[in-house]
Amino acid sequence: MNALNLAAEVPENPLVPPIPELVIGLVAFFIVFGILAKKLLPNINKVLDERRKLTEGRIEEAEATQAEAQQVLADYRAQLADARHEAARLRQEAQEQGATLIAEMRAEGQRQREEIIAAGHAQIEADRKQAALSLRQDVGKLATDLAGKLVGESLEDAARQSRTIDRFLDEVEAKAASDATKAEAGR
């Protein structure tokens, strides 16, 4: 009994399980691990593959969407550049048309100015002729009256009066013309 008592007196280590329990625990662990490996692991792998494919699909979709967005952005920039170019072209055309219109208006204004000046000159010439005719008649009447007083006879005859006046004025004009010619020659 001594040996028994001795064995009973040796305290058992609580960290080391008894061998039969350890063997049963290991067998149960391998059975559960085998069932999990055969039944659960394929389902887990299947779910992981589906998630990986879904993630890859989403990444591919995102890349495709990003590429499409880049293409739309490039198209937008090209359209914007075209619009700016068109606006610059239209602005240039408007400036050219404005310059042409201004030149046309200036030419029209110049033409109208020349017409007004020509009409003014014509009116002045007509007024000068009218004034000269009126002056000639007035001077003729005064000359006839003076001549009648100097000569002592009446120069009332219209034909004689007209001839006398015309002769007198022609002489005055001829003298004025010859004086002007001498003045120009003297220069």
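Start by selecting S178, which sits in helix α3 (residues 158–186). You are looking at a predicted model, so treat each stop on this tour as a reading of predicted coordinates. Is S178 buried, partly exposed or exposed? S178 counts as partly exposed because its relative accessibility is 32%, and the partly exposed class lies between 20% and 50%. Now show the side chain of S178 together with the backbone of K175. The S178 side chain reaches the backbone oxygen of K175, at a distance of 2.9 Å.

**Zoom out to the whole chain**

Switch to a cartoon view. The protein chain has three helices and zero strands, and from the N terminus the order of elements is α-α-α. You have already visited α3, which covers residues 158–186. Helix α1 takes in residues 2–9, and helix α2 spans residues 19–151.

Next, colour the chain by pLDDT. The mean for the protein chain is 84, with 88% of residues at 70 or more. Which element has the lowest mean pLDDT, and which the highest? Helix α1 has the lowest, at 52, and α2 the highest, at 90. Where pLDDT is low, the predicted coordinates should not be read in detail. With that in mind, the remaining stops are in other parts of the model.

Turn on a surface before moving along. Of the 187 residues in the protein chain, 3% are buried. The chain exposes about 16,600 Å², and carbon and sulfur atoms supply 62% of that area.

**The phenylalanines of α2**

Select F29, F30 and F33 and show their side chains. How many aromatic pairs are there? The count comes to two. F29 and F30 make one of them, an edge-to-face pair with 5.6 Å between centres and 65° between planes. The other joins F29 and F33, this time stacked, with centres 6.1 Å apart and planes at 20°. The labels follow from the angles: planes under 30 degrees apart count as stacked, and those over 60 as edge-to-face.

Ring pairs link F29, F30 and F33 into a cluster. If you trace the backbone between F29 and F33, you will find both in helix α2, four residues apart, or about one turn of the helix. Are these rings buried or exposed? F29 and F30 are both exposed, and F29 and F33 are likewise both exposed.

**A nonpolar patch a little further on**

Now select V32, L36, L40, L41, I44 and L48. What do these residues form on the surface? They form a nonpolar patch, with about 500 Å² of accessible area together. Pick out V32 from this group: V32 belongs to helix α2, and is partly exposed because its relative accessible area is 48%, within the 20% to 50% range of that class.

**Salt bridges along α2**

Side chains of opposite charge can pair when their charged atoms come close. The structure holds eight salt bridges, and three are worth a stop here.

Begin with E56 and R52. Their side chains meet in a salt bridge, with 3.5 Å from N to O. Both residues lie in helix α2, four residues apart, about one turn of the helix. E56 is partly exposed, with a relative accessible area of 37%, and R52 is partly exposed at 40%.

Move along to E93 and R89. These two form a salt bridge in which the closest N and O atoms are 2.3 Å apart. E93 and R89 are also four residues apart in helix α2, about one turn of the helix. E93 counts as partly exposed at 32% relative accessibility, and R89 is partly exposed at 35%.

Then select E115 and R111. Their salt bridge has its closest N and O atoms 2.2 Å apart. Both lie in helix α2, with four residues, about one turn of the helix, between their positions. E115 is partly exposed, with a relative accessible area of 45%, and R111 is partly exposed at 38%.

For the last stop, go back to R52 and E56 and add D49 to the selection. Which residues are joined into one network by salt bridges that share partners? D49, R52 and E56 are.

How values were computed
Residues are numbered from 1 along each chain as its sequence is written. This is a predicted model: local features need pLDDT of at least 70, side-chain atom pairs count only at pLDDT 80 or more; totals for chains, interfaces and linings use all residues. Side-chain values use heavy atoms; hydrogens and water are left out. Helices (H or I, at least four residues) and strands (E, at least two) are DSSP runs, numbered from the N terminus. Buried means under 20% relative accessible area, exposed over 50%, partly exposed in between (1.4 Å probe, protein chains only). A polar contact is a pair of N or O atoms within 3.5 Å; within protein, one must be able to donate a hydrogen and the other to accept it, and residues adjacent in sequence count only if both atoms are side-chain atoms. Patches are made of residues with over 30% relative accessible area and no salt bridge: like charges are joined within 9 Å, nonpolar side chains (Val, Leu, Ile, Met, Phe, Trp, Tyr) within 5 Å. Accessible areas come from the Shrake-Rupley method with a 1.4 Å probe; for residues, only the protein chains shown count as cover. A salt bridge is a side-chain nitrogen of Lys or Arg within 4 Å of a carboxyl oxygen of Asp or Glu. Rings of Phe, Tyr and Trp (its six-membered ring) pair if their centres lie within 6.5 Å; planes under 30 degrees apart count as stacked, over 60 as edge-to-face and the rest as tilted. pLDDT is the predictor's confidence in each residue, from 0 to 100.
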